[in-house]
Amino acid sequence: MNLSPDTIEWIGGLAAMLTTASFVPQVWLTLRTRDVSGISLGMYSCFTLGVALWLVYGLSIGSLPVTIANCVTLALALAILGMKLWFGRRR
């Protein structure tokens, strides 16, 4: 594929927005219901670490879409992980 650097940045930005936004409904549902039974602690722990590493990668290469998306995704993933630990402990 022969895309311009600007097109590549737009594609990366759009992909980042969509994948990051996909976590918002899970955070909202978990906050509302406090039901964490369907959330895997192992999966979210690995995922959150992976997102943190993607953030380091984005910062290292100076990619704004990768950096911003992973900052927001890390915050959302940490929220879900925190709720899993907090609400899961109560049962």
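Is Leu 78 buried, partly exposed or exposed? Select Leu 78 in this predicted model; its relative accessible area is 45%, so Leu 78 is partly exposed. The residue sits in helix 4.

**From Leu 78 to helix 3**

Keep Leu 78 on screen and add Thr 48. The two are 30 residues apart along the chain, yet their C-alpha atoms are separated by 6.7 Å. Thr 48 is one of the buried residues of helix 3, and the buried residues of that helix pack against helix 4 (64-89).

**Helix 3 end to end**

Now select residues 41-61, which make up helix 3. With 21 residues at 1.5 Å a residue, the helix should span 30 Å, and its end C-alpha atoms are 30 Å apart, so the two values agree. Step past the end of the helix to Gly 62, where phi is positive, near 70°.

**The two faces**

Colour Tyr 44, Thr 48, Val 51, Leu 55 and Gly 58, the buried residues of helix 3. Around the axis they cover an arc of only 80°, which means that they lie on the same side of helix 3. Show helix 2 (24-33) and helix 4 (64-89) as well: the buried residues pack against both.

Rotate to the face turned away from the buried side and pick out Cys 46, Leu 49, Leu 53 and Ser 60. These residues of helix 3 are exposed.

**Aromatic pairs**

Next, show the aromatic side chains. Three aromatic pairs turn up in a search of the whole structure. One of them joins Tyr 44 and Phe 47, an edge-to-face pair with 6.2 Å centre to centre and 70° between the planes. The two residues are three apart in helix 3, so about one helical turn separates them. Tyr 44 has a relative accessible area of 10% and is therefore buried, the cut-off being under 20%. Phe 47, at 25% relative accessibility, counts as partly exposed.

Move along to Trp 54 and Tyr 57. They also form an edge-to-face pair, with 5.4 Å centre to centre and 85° between the planes. Both belong to helix 3 and are three residues apart, about one turn of the helix. Tyr 57 counts as partly exposed, at 42% relative accessibility.

**Last stop**

Return to Tyr 44 and Phe 47 and add Phe 23. Which residues form one aromatic cluster here? Phe 23, Tyr 44 and Phe 47 do.

Technical notes:
Residues numbered from 1 in each chain as written. Heavy atoms only, no water. Helix = DSSP H or I, 4+ residues; strand = E, 2+ residues; numbered from the N terminus. Expected span 1.5 Å × (residues − 1). Buried < 20%, exposed > 50% of the residue type's maximum accessible area, 1.4 Å probe, protein only. Arc of directions from axis to C-beta. Contact = heavy atoms within 4.5 Å. Phe/Tyr/Trp six-rings, centres within 6.5 Å; stacked < 30°, edge-to-face > 60°.
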